[in-house]
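Reader: I would like to learn how to read a structure of this kind with care, feature by feature. Could we start from the sequence and the coordinates themselves?

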Amino acid sequence: MIGSDETVLEVRNLGYRYPNGTVAIENINLKINRGEKVAIIGSNGAGKSTLLSHFNGLKEPSEGDILIEGDIMAYDRQSLRNVRQKVGVVFQNSTNQLFAPTVIEDVAFGPMNLGLSRDEVDRRVQESLEAVDMIGFEDVTPHHLSGGQQKRIAIAGIIAMRPEIIILDEPTASLDPQGVDQVLGILNELNREGITIVISSHDVEMITEFADKVLVLHHGHVEAFGTTEEVFANHQLLKKAHLKPPKASVLLHMLKKRGLDVDVKLNLEEACDEIIDAKLIKK
Ligand code: ADP
């Protein structure tokens with residue numbers, strides 16, 4: 001889905017200091033529109049997890065505000081309950097997120113806490129397990145599942161809450177290529193249904209294929225926020241943030257330097273077309 005003009009998540013002058021005094025993020029400003037797929041990238045320690053955990057009120061800012069659908073986030077019990085219905089977070093370590101003895105109880109936990117009827121809970125659990133292609137695993141103990149399956153169950157638990165925004169901290173870390181494709185397929189499908197998706201990652205190649213917009217975090221500051229094409233075309237910026245540019249764009253940069261008349265593209269298919277159509281303009 002292409003993002004609309006309606007801001008669903010806004011961050012104003014956000015700063016967070018850990019109790020030991022470490023300032024993890026500072027002066028963060030950003031706006032995310034409904035239906036966008038946004039990636040927050042940065043090297044280890046850049047502040048990605050700290051930033052994401054503000055989006056559903058898990059952390060309270062030391063400075064600044066978070067706005068969900070235009071409302072400034074408040075941190076009393078009832079306000080947080082409302083926020084968590086709108087914003088679901090899938091943690092990096094899904095194993096920690098799954099705690100019930102069976103898959104079905106795990107996915108049902110959130111909707112049960114909303115006080116929904118048993119029928120509605122059952123319906124949502126079924127729908128969510130279908131969405132992540134995990135029908136048939138209802139009675140399995142989550143800890144007996146593979147890493148990729150655990151991730152999908154953690155996502156199902158969030159889908160069952162019917163959120164407007166889903167935040168995922170490093171959703172593809174430690175998954176095999178098939179697991180990565182499955183998770184990205186699920187996220188793309190949710191996005192087609194109108195859900196806004198925000199992920200963190202340092203896997204630039206994966207983001208090239210997935211995100212509409214990219215925010216680069218470095219030492220707790222926003223270095224850039226723009227379309228994936230804009231941000232990934234700026235190799236100097238990526239280098240400064242200790243990230244590697246997409247390989248296809250590196251190759252095209254090299255060919256350009258050697259005199260081939262090409263535009264820099266991010267994915268392999270577009271890069272291929274560019275090279276096939278290119279003319280040598282100087283030796
Ligand atoms: P990322 O997710 O990009 O790897 P984090 O948000 O985990 O970055 O960390 C940002 C900064 O905050 C780092 O300097 C990290 O050492 C620090 N930090 C993270 N968690 C804690 C904590 N519980 N106590 C103190 N400092 C922390």
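Reader: Which polar side-chain atom lies 2.9 Å from an oxygen atom of the ligand?

Author: The model is a predicted one, and in it a polar side-chain atom of K48 lies 2.9 Å from a ligand oxygen. For S49 the partner is a backbone N or O atom, again 2.9 Å from an oxygen atom of the ligand, whereas T50 uses an N or O atom in its side chain, at 2.5 Å from a ligand oxygen. The ligand taken alone exposes 560 Å², of which the protein buries 61%.

Reader: Which helix gives the most to the shell around the ligand, and how does that shell divide by class?

Author: Helix α1, spanning residues 48–52, gives the most, with three residues. By class the shell has eight polar, three nonpolar and one charged residues, and its members include Y18, N20, T22, S43 and N44.

Reader: How should I read the sign of a phi angle, and where is E69 placed?

Author: Most residues other than glycine have a negative phi. E69, however, has a positive phi near 45°, and this residue lies in the loop between β4 (63–68) and β5 (71–72). H242 also has a positive phi, near 60°, in the loop between α10 (235–240) and α11 (247–257).

Reader: Is H242 buried or exposed?

Author: H242 counts as exposed because its relative accessibility is 55%, the cut-off for that class being over 50%. E69, at 27% relative accessibility, counts as partly exposed.

Reader: What is the general idea behind a salt bridge, and how many does a search of the whole structure find?

Author: Side chains of opposite charge can pair when their charged atoms come close. The search finds 13 salt bridges here. In one of them, E6 pairs with R34, with the closest N and O atoms 2.8 Å apart; E6 lies in the segment before β1 (7–17) and R34 in the loop between β2 (23–33) and β3 (37–41), so the pair ties together parts that are 28 residues apart in sequence.

Reader: With which side chain does that of E69 meet in a salt bridge?

Author: The side chain of E69 meets that of R34, at 2.8 Å from N to O, and because the two residues lie in separate loops, the pair ties together parts 35 residues apart in sequence. R34 counts as buried, at 15% relative accessibility.

Reader: How far apart in the chain are E36 and K213?

Author: E36 and K213 are 177 residues apart, with K213 in strand β9 (residues 213–218), and their salt bridge has its closest N and O atoms 3.1 Å apart. E36 is buried, with a relative accessible area of 6%. Salt bridges that share partners join E6, R34, E69, K86 and E164 into one network.

Technical notes:
Residues numbered from 1 in each chain as written. Predicted model: local features only at pLDDT ≥ 70, side-chain atom pairs only at ≥ 80, totals over all residues. Heavy atoms only, no water. Near = heavy atom within 4 Å. Polar contact = N/O pair within 3.5 Å; in protein donor to acceptor, adjacent residues only side chain to side chain. Areas by Shrake-Rupley, 256 points an atom, 1.4 Å probe, with all protein chains shown as cover. Helix = DSSP H or I, 4+ residues; strand = E, 2+ residues; numbered from the N terminus. Nonpolar A, V, L, I, M, F, W, Y, C, P; charged D, E, K, R; others polar. Buried < 20%, exposed > 50% of the residue type's maximum accessible area, 1.4 Å probe, protein only. Salt bridge = Lys/Arg side-chain N within 4 Å of Asp/Glu carboxyl O.
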